[in-house]
Amino acid sequence: MAIKVHGALFSTCTARVLICLCEKGLDYELLPIDMVAGAHKQQPFRSLNPFGEIPAFEDGEVSLFESRAINRYLARKHKDIGTDLLLSNSFTQSALVETWMEVEAHKFDSPSSVILRQIIVIPKYGKAPDKQVIETEMEKLGKVLDVYEERLSKSKYLAGENYSLADLHHIPPLVYFMKTSKANAITSRPHVSAWWNDISLRPATVKISATMSLL
């Protein structure tokens, strides 16, 4: 039975899973969810994700939600196919992957998500972005990126010299972020900029980012 991803092309969380699937070279079927019609808040989707959020994921009898958990599952199940995204052959390296995945989820995601909502999403509803909110969140994001700059001055990727889920999980929001007026937060930090240039040109990133349709 083919892997099924229930989501939307504009969704960063959906894209996070699709990039992982592409890195692994796995076949999948994307089943679009009509979020404008509120399909994600209704059955049958709620049987797949009780929180009514995308994506939801099916692999045979396995049914999952939460994009980062889905990617951990894929990376573990298919560790010998495509890119070893958890660097599972080294206990130390895999621990570093987990560490920087936590950093992405708890430090990077919140300010970047708020900024993208203010700059991209809110104007689509005819409302003006809150400049004070953007400024506050950019300050928070800048502190995170300063830590990244220091880290990436010592290694090519966040978990070391090999690409991993720790890097991949940043890609979808950065695809949008780099098209905004705030992109200099990345480009002004030479090691962060080099890191982004590298991960943004990976074939899986190029393929999926071309389909993301929020902008």
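This passage describes the nonpolar cores, one bent helix and the cysteines of a predicted model.

The largest nonpolar core comprises 54 residues. Within this core, Leu 74, Tyr 148, Phe 177 and Trp 195 have the most contacts. Helix α3 supplies the largest share, with 8 residues. Residues from both domain 1 (3–78) and domain 2 (91–208) enter the core, which therefore lies between the two domains. A second core, separate from this one, has 6 residues, among them Ala 8, Ile 33, Ile 54 and Ala 56.

The surroundings of Trp 195 were examined further. When neighbours within four places in sequence are left aside, Trp 195 is in contact with Tyr 148, Leu 152, Lys 156, Tyr 157 and Leu 158, and also with Asp 167, His 170 and Leu 174. Tyr 148, one of these contacts, is itself listed with Trp 195 among the core residues that have the most contacts.

Helix α3 spans residues 91–124 and is not straight: a bend of about 45 degrees occurs at Phe 108. A proline, Pro 111, follows the bend within four residues. After α3 comes Gly 126, which has a positive phi, near 75 degrees.

The count of disulfides is 0. For Cys 13, the nearest cysteine sulfur is that of Cys 20, 14 Å away, and Cys 13 is in no disulfide. Cys 20 is likewise in no disulfide, its nearest cysteine sulfur being that of Cys 22, at 9.4 Å. A pair of sulfur atoms would have to lie within 2.5 Å to be counted. Cys 13 is partly exposed, with a relative accessible area of 25%, whereas Cys 20 is buried, at 0%.

How values were computed. Residues numbered from 1 in each chain as written. Predicted model: local features only at pLDDT ≥ 70, side-chain atom pairs only at ≥ 80, totals over all residues. Heavy atoms only, no water. Buried < 20%, exposed > 50% of the residue type's maximum accessible area, 1.4 Å probe, protein only. Bend = angle between axes of the 7 residues up to and from the residue. Helix = DSSP H or I, 4+ residues; strand = E, 2+ residues; numbered from the N terminus. Core = buried A, V, L, I, M, F, W, Y, C linked by side-chain atoms within 4.5 Å. Domains from an automatic or database assignment. Contact = heavy atoms within 4.5 Å.
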